[in-house]
Amino acid sequence: MNPALTSAMLVVAAAVFTFTMTRRVMPLLALRRDVRTDRPGERIRALVRYGLGQRRLVDPEERRPGLLHVVIFAAFLILALRTVTMFGMGFSAGFHLPLLAPDSGLGRAYGLVKDVMVLLALVAVLGFLWRRLVTRPDRVTRSTEGVVILLFIAGLMVTDVLFDGALHVLREDPLGLGDVLAGAGFQLPAPRFDALAPAGSLGAALYHALGAGAGTVSAVGEASFWLHLALILVFGNVLPYGKHFHIITGLPNVFFARLPPAGALRKLDLEAEDASYGTATVKDLSWKEAWDVYSCTECGRCQTHCPTYVTGKPLSHKEVNRSIRHHLAEVAPALTALARAKDPAVRETAAGALPPISEVIPPETFWACTTCGWCETACPVLIENVPRLVDMRRQAVQVDAVFPDEAQRVFKGIETQGNPWGIGSNKRTEWCEDLEVPRAADGGDYEWLFFVGCAGAFDDRQKKVSRAIVRILREAKVSFAILGEEETCTGDAARRLGNEYLFQMQATALTETLNGHGVKKILVQCPHCLNTIANELPQFGGRYEVVHHADLIARLVKDGRLAPGVAEGLGQVTFHDPCYLARWNGVTEAPREALAAAGVQVSEMPRNRRQGFCCGAGGGRFWLEEKLGARVNQNRVDEAAATLGKAGGVIATGCPFCLTMMKDGVNETGREETLRVLDVAEIVALGLPKRAEAAPAATPERTPAAPRGEA
C-alpha cells in the first residue's frame, strides 16, 4: 500500500469538496432565515423513519423502484465501514476497524452482510438502468447524469468484488503455486466457495474462469483497490453538481422538514419594518426552500397523483425544483455578494441584480396548484412545495397586483360580507330559520360549537348537509350551538390565493369571536375550515379541539349515542377523500366508519385515502376558471364511474367544495341519470328514525354565484 498516494488523494478530494460545497452553501446565507431546530425529538424520529428508514420509498404506488433504491441506500450505509477500512489499508495493509478483524466472528459476520448487499446493489443498479434505458417511465427524468451515477455505483461494487476476489485467491495460494501447476499442464480446481464471503468467492471464480495467474490476480486486485478509492472520492465531488446532490443533502433535509401541523402556512409579519409580502426574487426564499431544491431526487413521485400534472396543467413540482436549482446556480455570484456585503448600498445593488421569480416560475405555473398536498405526501425527502408556491401568489397579489380576475370577487366578498360569495352576512342563518338552532350568544351551556361555514350557510346544496348534521346531533342528544350572524369566513381561500393581509384580518376577528364565547370544542363540516381553525388559528391565539362531522358521527356510533338504520336506495357507494381531510389532517377511516354505521359498504376507487385524487377546488381554485388542460373534477368523476360500474350509484364525500365539484363533474360528463353525489352526513341521516326529521327549510330564491369564475 502507499500512504503518500492515499494522503494525496484524500487532501485533493477534501480541498475540491470544500471549495464546491462553499460555493453551493454560501448563496443560502443571503436567503430568508428559517429556524428549524425546534422539537428535536420529533425531528430525530422523522429522520429515523423517513431518512434512514426510507419509509416513503416503499409506498404502494412506486414500491418496486423504491425497493431498488432502499437496497442501494442500505448498501452505501453498510459499505461505509468498508470504505473507512479500505482508506486505512491505503496507509497500512493490515488495517481494520476495532472488532472487525477479518478472521474474527464479528468481522466475518460483517463481511457476509457486506457481500450480500454488494451483490444486491449490483442487481438494483441493473434494474434502474433497465428503467432508464428500456422502459423509461414518464416520471423519470431523461438524463445522462442518472446513467453515469448508476455506472459509478456499479463501479464501486465491481471493484469491491474484484478486490475481495483477489484476496480470496491469494489467501488460498499465497505462493502462486497455481501458476507453476498450470504451466505444467495440470487443470486447477475452482477456488473454494466461502458461504460467508459470497462476493469474494464470486470474484475468485471469475479469475479462475478467465485463467488468471497469481501475478495477474494481484495486479487486478491492487488496481481495483485504488480504483475503488478514486471512484469514492470522485463520486463525492461529482454529487454537488446535479440532482444526486440529494445523497448529501437528503438526510439533513428530512431532519429540518416542517413539523406538524403540515397544513399550516407560515404567518407573515406584515407590520415589520422590513416586512416580506411574498417571494419577489429568489432571495426571498428561505434557506430551507433552497435546500429543498438541492435535495430533489427528480424521482417524479410528486407527479403520480398530482391533479395539475395528470390533467395537463403547466405545473410539475419536479420541474419547479429543477428550475429553481438551476436559477440558484446562475445567480450564485450575486447571492454570495449579497451574503458577504455589509454596506446597505452594496446589498441593494446585489439584490437589484436578481430577476423576478415570475421569470423563473411563470405565473400560470404557481396559479395552477390546488394545494392538495400529494407532492408533499409522496416526496421521499419531505420537500415542501406548497408554501413556496403560495408565497409566489402572495407576491403577485399583495405587491404586483397581478392575479386572476375571479379572485378579486372572492377577496371583495370576504372583506365586505365575510364570505367569498359576497352574499349579505345577514342571510347567514336563513338555512336554519325553522330549526330553532341555539346561538352561542344566547349564553346557554353546550358541548360543541357547530361552525357551519360559508358553504353550509349560503350554498343551497350544502344547506341540506347542514340540516342533516343538525338532525344527527339532535338524534344523538348532543348539545350544540352556532355563532349565527357572528360567524365569518375563516379566510382559507384568501390565504391560499395569496391575500395574506385579508386572511389575517379574518383570522384575528374569528379568533376574537371564538375566544369571546369561551369556545373549546368546534364541529365543522368543511375540511378547509377544519384545517384553518385547528392548524392556523393558533398563530393568532386560538386553540381548540376541532372535529370534522364524519369524525364526530363515527365517535357517536362507537359510544352508543347514535344508532342509524340502513340508508336505503343508494345502490353502490364510493367515497371521495377530500384532500384537506385525508392528506393534510389524516382523517381517512372515520368517514368510512360513519358510512358503515349506515349499512354502506364502500367500493373503493383506485386512488383513495392518502393517494386520493383532488377534486380540483383546493388552494382557492374553486373560485377560478379552469382554462388549461382537462378538468380535474371530470378526471375524478370518470374514476368514480368506472368504480361503480354501469349501474351507477353514489359518490360520497365530506367537503362542500368536493360535493360541488363532483356534482358539476357528473353533470359535465352527462352522468346525471346514474350518479348521485351525497355528503356522509346526508347518507347517515337517511337511516335516522322519522322522529328526527326536521321540517324543510325555506329555500331562498337567490342562488349563489357559480364557482370557478363561471357565468
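This report walks through the confidence, the nonpolar cores, one helix and the cavities of a predicted model.

Let's start with confidence. The chain averages a pLDDT of 92, and 94% of the residues score at least 70. Residues 692-711 call for care: pLDDT stays under 50 there, and the model has 50 contacts beyond four places in sequence for this stretch.

Next, the interior. The largest nonpolar core holds 131 residues, and those touching the most other members are Leu335, Trp431, Phe450, Leu514, Ile522, Ile533 and Ile683. Leaving aside residues up to four places away in sequence, Ile683 touches Ala567, Leu570, Leu595, Ala598, Val600, Val650, Ala652 and Leu678. Another core, of 34 residues, lies apart from the largest one and includes Met117, Leu129, Met157 and Leu229.

Leu514 is also one of the buried residues of helix α22, along with others including Leu502, Phe503, Ala507 and Leu510. Helix α22 has 17 residues, so at 1.5 Å a residue it should span 24 Å, and its end C-alpha atoms are indeed 24 Å apart. After α22 comes Gly518, with a positive phi near 65°. The elements below are among those covering the buried residues of α22.

| Element | Residues |
|---|---|
| α17 | 386-400 |
| α18 | 405-417 |
| β1 | 448-451 |
| α21 | 492-496 |
| β3 | 521-524 |
| α23 | 527-536 |

Finally, the cavities. The whole structure contains 8 cavities of 30 Å³ or more, and the largest encloses about 160 Å³. Its lining has 18 residues, of which Cys454, Cys489, Cys526, Cys529 and Phe657 are closest to the centre. Helices α19, α21, α23 and α28 each supply at least two lining residues, with the largest share, 4 residues, coming from α19.

How values were computed:
Residues numbered from 1 in each chain as written. Predicted model: local features only at pLDDT ≥ 70, side-chain atom pairs only at ≥ 80, totals over all residues. Heavy atoms only, no water. pLDDT = per-residue confidence, 0-100. Contact = heavy atoms within 4.5 Å. Core = buried A, V, L, I, M, F, W, Y, C linked by side-chain atoms within 4.5 Å. Buried < 20%, exposed > 50% of the residue type's maximum accessible area, 1.4 Å probe, protein only. Expected span 1.5 Å × (residues − 1). 1 Å grid on protein atoms, 1.4 Å probe; cavity = no way out; pocket = protein on both sides within 12 Å on 5 of 7 lines; lining within 4 Å. Points joined across faces, edges and corners; volume = space filled by probe spheres on them.
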